[in-house]
Amino acid sequence: MSVQSAAADVDVDLRQLFASLARNWLRIVLVVLLATGLAFAFASLATRHYKAETQVEIAPRESIYTRPASNNNDTDKPILDEQGVATQVQIISSNEILKQVSQKLGLEKLPEFNEALDMSALSRALVLVGLKSDPMEIPTEERVLKKMHEKLNVYGVEKTRIIAIEFSSEDPKLAAAIPDAIAAAYIAGQGAAKLESNSAAADFLAPEIADLQRQVKDAEAKVAAYRAQSDLLMGGNNSVLATQQLSELSSELSKVRANRAAAEATADGVRRALQNGGSLDAVPEVLSSDLIQRLRERQVELRSNIADLSTTLLGNHPRIRALKSQLSDLDAQIRSEAQKIMKGLLMQAETAKARENQLVADVNTLKAASAQAGEQQVDLDALQRDATAKRQQLELYLTNYREAASRQDRNYLPVDARIASKASVPSEAYFPNVGPIVGAAFAASLLIMAIVTLLRELFSGRAMRPASGSRFERIDEVAMPHVAQAPVAKPFLRQEPAVLQDPVVRQELPEPADEADAEPYAAAMPAMVEAPDVVAMPATAATEQTAVEPEPARSTLGEIDIEKAAEKLISSGAARAIFVSPEGDEAAASAILVAREVADAGLRVLLLDLTASGAASRPMLDSGLFPGITNLLASEAQFSDVIHADLYSDCHVIPVGTADPVRAMRAADRLPIIMQSLTTAYDLVLVECGPADAQGIGRLTGDATEVFLSMLEADDEVTQAAVKLIENGYPDLTLVTPLGHEPPGNPVPGRRTAAA
């Protein structure tokens, strides 16, 4: 058996959904007004609370003139970052500061902070029954601190180093006094902490200074003793004397070597000039000799005279020859003097070399002495560094100790915080704010009621409508064959099925008040029309029949009996079976009998009675007062309330019900959803529609649906109903008749038969 998806069968009717707001406007308005009135009463009667705020600035308070000498080069930069401000927030809201404020202002004597002082009768009753903890069991100080924490709000102002202290109270003066007291206690606590830190520093430095003085004295004594022991004499530039002498000898040795090299080079140049007969004028030492300069002057003078005399005298003239002879002597003297100069240079070079050798020996001696002095100087420097470090530490400790002692004596300990803004006494309460509370209550109640109304309409199914789908095309009218009636001796009485012979008072649904009210009722369940009354003919054991009733004539329309109809439903695996009874309540017996036959075969079967008089359900329940489909449509009952067991089989039945039909038919669009739910829970759902047409049963059909036309005799009414159903989309229509069906001989144990 296939199950049809409910989501594909129905859609949400938004117009119907939001129309529920207009239909229920009175209830919505009443609830909204009630909620708004309650909110206004609460806001008017609630205890007023006032809030005040004190701001504390975290900034350095040390002056440039009083700042310690070690910090004189520092600029006035912030001392706390974001984490530091958060730390100060926690310190301000600590229990220690709140205790001081509580004791100073006597908050334990106020009922606002000490609940045990003024407990209401309701609170005492709640304490007695155990629904509330007894405040007397909590210490007074703890109760006060708890209340202060509830009313206190300390936070750092974003992107600043200002801490705001907010406090709320029923007393506006107290709301301003407490944050000021908290700020003052915080600043006093910071000052006390600095005083304690300063005193601890002074107490620490005093013995440290005495110890350091002794250590410095010992270190300097070690330096002096080692210097005397190692004979490390200090020269200029604070260096060891041996090292200084080595440096001086090295400088002198360099000069001697340079002089020797210069003398040797000059002597060598004079020698080459003398040997090669070259000019001696290029030798600086020869030119610098006074004797040679005079000889050169005399030589120039003789050459000048020879040149003058040569103009008047011949070259062999005795005078000229005498002058030339003198000139030759001068050249010999110049060369002789040059040789003397060369010898002097050679002697100078020899002397420099001897001096060089002596200096080299002295340098080697000083090198050894300087190396030993260097090793001793390393040890001496280590002792000096130790003494210097201890002296510097001693000087620093002495400076800090003097500063700490002076601040302690003068009681000058600036705190890095100040009250930037004191709290002012509030004139208006911050709670309750009547306008926002009433407005919020109005908006919230209106929204909630609208949502509740929409959800109620949605879940009730009244906002659902069948989904638009494919429709069967119209078919050509099928001509029905003429029915040949068998002649009968006399008119026969219409035989009522055995299931309808149960003597039960028929309770019919009320007629609609007018045509307008009856219109939705007839559109949703067209089969619910009042059928003509049928006179029941109960059979009793005391009455005997005096005449034999004639057998009714059998029609030739091709109808099948109850057993064949049940077999067809079982073999085809149908999920729904729609029964139409054009002849009224008398033909509704077919649906009852088929349902019982299928239930006896072991399937889960449910019969839904959509007749106006309940003709299909009353014989199964012996009463028409059970809740049924109208109660379900009117949202007065649930599925578990409207499904009942057949008294004579394992079949289940949903009767017509007891709700107002007009109200129920307003939710007729829920029928497809109900049918979908029933076909999901049962193997087969049979629906008795009474004299319905094709349009009336359209919302009840679905996948795996069989349509039956129940008949008692083949008359024109039945024929016309069959033709109309075939023409309007049901070509597989099956005719079924309850005539000739006998109830089972062995009813279900513990149950009465239908005819009993």
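This passage describes two sheets and two helix pairs in a predicted model.

The first sheet to be considered is open and consists of four strands, which follow one another in the order S3-S4-S2-S5 with antiparallel pairing. Strand S3, covering residues 152-156, and strand S5, covering residues 418-421, stand at the edges of this sheet, and because each has a single partner strand, one side of each is left without a neighbour in the sheet. Between neighbouring strands there is an average turn of 30°, when direction is ignored. In general terms, the strands of a sheet are held in pairs through backbone hydrogen bonds, and the pairing may be either parallel or antiparallel.

Within this sheet, strand S4 (residues 162-169) takes part in two of the pairings described here. On one hand, S3 and S4 pair in the antiparallel sense over five bridges, and among the residues involved, Leu152 stands opposite Phe167 in S4, while Gly156 has Ile163 in S4 as its bridge partner. The connection between S3 and S4 is a hairpin with five residues between the two strands, and in its turn Lys159 has a positive phi of about 60°. On the other hand, strand S2 (residues 50-57) pairs with S4, also in the antiparallel sense, over eight bridges, and in this pairing Lys51 stands opposite Ser168 in S4. Strand S4 is mostly covered, since seven of its eight residues are buried, that is, they have under 20% relative accessible area.

The sheet is also contacted by a helix. Helix H7, which spans residues 140-151, packs on the sheet and touches both S3 and S4, and the direction of H7 makes about 50° with that of S3.

A second open sheet contains seven strands in the order S9-S10-S8-S11-S7-S12-S13, and its pairing is mixed. Its edge strands are S9 (644-645) and S13 (734-736), each of which pairs on one side only. One of the pairings in the parallel sense joins strand S7, residues 576-580, to strand S11, residues 684-688, over four bridges, and here Ala577 has Leu686 in S11 as its bridge partner.

Turning to the helix pairs, helix H15 (residues 562-572) packs with helix H16 (residues 589-600) at an angle of about 55°, and their axes lie 9 Å apart. Angles from 65 to 115 degrees count as roughly perpendicular and those under 35 degrees as roughly parallel, and H15 and H16 are therefore oblique to each other. The crossing of H15 past H16 is right-handed. On the side of H15 the contact is made by Ile562, Glu563, Ala565, Ala566, Leu569 and Ile570, and on the side of H16 by Ser590, Leu593, Val594, Glu597 and Val598. When these residues are sorted by class, the contact of H15 with H16 has eight nonpolar, one polar and two charged residues.

Helix H2 (residues 14-23) and helix H13 (residues 434-460) form another packed pair, with an angle of about 125° and axes 9 Å apart. This angle does not exceed the 145 degrees over which helices count as roughly antiparallel, and H2 and H13 are therefore oblique to each other. Their crossing is right-handed. The residues of H2 that make the contact are Gln16, Leu17, Phe18, Ser20, Leu21 and Arg23, and those of H13 are Ala450, Thr453, Leu454, Glu457 and Leu458. By class, the contact of H2 with H13 has six nonpolar, three polar and two charged residues.

Definitions and conventions. Residues numbered from 1 in each chain as written. Predicted model: local features only at pLDDT ≥ 70, side-chain atom pairs only at ≥ 80, totals over all residues. Heavy atoms only, no water. Pairing = 2+ DSSP bridges. Axes fitted to C-alpha atoms, helices over the stretch in contact; angles between N-to-C directions. Left-handed = near helix turned anticlockwise from the far one by under 90°. Contact = heavy atoms within 4.5 Å. Nonpolar A, V, L, I, M, F, W, Y, C, P; charged D, E, K, R; others polar. Buried < 20%, exposed > 50% of the residue type's maximum accessible area, 1.4 Å probe, protein only.
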